[in-house]
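User: I'm new to this one, so could you walk me through it and explain the terms as we go?

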Amino acid sequence: LYGAPEQNLHIIPPGVDISTFHPATAPRAEGNDEFRVAFAGRPQPLKGPEILIDAVALAAADVPGIRLDIRGTAAPEYLDGLKARARERGISDRCRFLPASGRSELAEAFRAADAVACPSSSETFGLVALEAQACGVPVLASDVSGLRAALDDGAAGLLVPQRTPEAWS
């Protein structure tokens with residue numbers, strides 16, 4: 001489009017740092033009945049954390065050990081709304097709201113999770129999904145372009161076709 005000579009162009013595909021994002025080196029401790037779902041990113045409607053709160057509320061009867069970690073920095077009023085939503089659904093004891101973290105801490109959080117959820121309405125790339133996969137953690141993601149590509153059209157994770165709590169539970 002800009003008339004640049006091809007020999008001057010270099011395409012660098014995006015990826016993850018596998019020295020940080022890698023599977024756990026030791027097996028997880030047995031006897032833990034929790035099922036921990038992790039969400040990472042800026043909590044906002046586009047990213048869908050409210051869908052996960054409602055989904056956890058729906059799934060709690062069938063998955064008694066389900067827990068949700070929402071990790072990321074959000075506008076205080078939005079975060080307060082998410083916390084209120086968890087209280088209203090009776091699952092505030094199942095939800096943790098954690099601030100954004102550095103890459104090493106995020107990788108540890110992914111390795112501690114049973115699944116990483118990406119219920120975004122759109123993503124251009126899906127870095128969280130790739131980082132979780134690099135940590136050896138199953139990924140559930142909205143069936144949207146960037147996440148579809150990150151999950152290799154569903155071959156590398158579960159694409160959830162609808163952004164409803166019922167579909168996500």
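Analyst: Sure. Let's start with a pair: arginine 36 and glutamate 34 join their side chains in a salt bridge, 2.8 Å from N to O. This is a predicted model, where local features need pLDDT of at least 70 and side-chain atom pairs count only at pLDDT 80 or more, while totals for chains, interfaces and linings use all residues. Residues are numbered from 1 along each chain as its sequence is written, and side-chain values use heavy atoms, leaving out hydrogens and water.

User: What makes the contact of arginine 36 and glutamate 34 a salt bridge?

Analyst: The term asks for a side-chain nitrogen of Lys or Arg within 4 Å of a carboxyl oxygen of Asp or Glu. Here the N to O distance is 2.8 Å, so the pair fits the definition.

User: Why is arginine 36 called buried?

Analyst: Buried means under 20% relative accessible area, exposed means over 50%, and partly exposed lies in between (1.4 Å probe, protein chains only). Arginine 36 has 14%, so it's buried. Glutamate 34 has 28%, so it's partly exposed.

User: How do you know that glutamate 105 and arginine 71 form a salt bridge?

Analyst: Their side chains meet at 3.4 Å, N to O, and the limit is 4 Å, so the pair counts. This one links distant parts of the chain, 34 residues apart: glutamate 105 sits in helix α3 (residues 103-112) and arginine 71 in strand β2 (residues 66-71). Helices (H or I, at least four residues) and strands (E, at least two) are DSSP runs, numbered from the N terminus.

User: Which of the words "buried" and "partly exposed" goes with arginine 71?

Analyst: Arginine 71 has 11% relative accessibility, so it counts as buried. Glutamate 105, at 46%, counts as partly exposed.

User: What makes aspartate 143 and arginine 148 a salt bridge?

Analyst: Their closest N and O atoms are 2.6 Å apart, so the pair passes the distance test. Aspartate 143 has a relative accessible area of 33%, so it's partly exposed. Salt bridges that share partners also join Glu34, Arg36, Arg67, Asp69 and Arg96 into one network.

User: How many helices and strands does the protein chain have?

Analyst: There are six helices and six strands.

User: Why is the protein chain called as compact as a globular protein of that length?

Analyst: The radius of gyration, taken over C-alpha atoms, is set against the globule rule, 2.2 Å times the number of residues to the power 0.38. The protein chain comes out at 17 Å, close to the 15 Å the rule gives for 169 residues, so the label fits.
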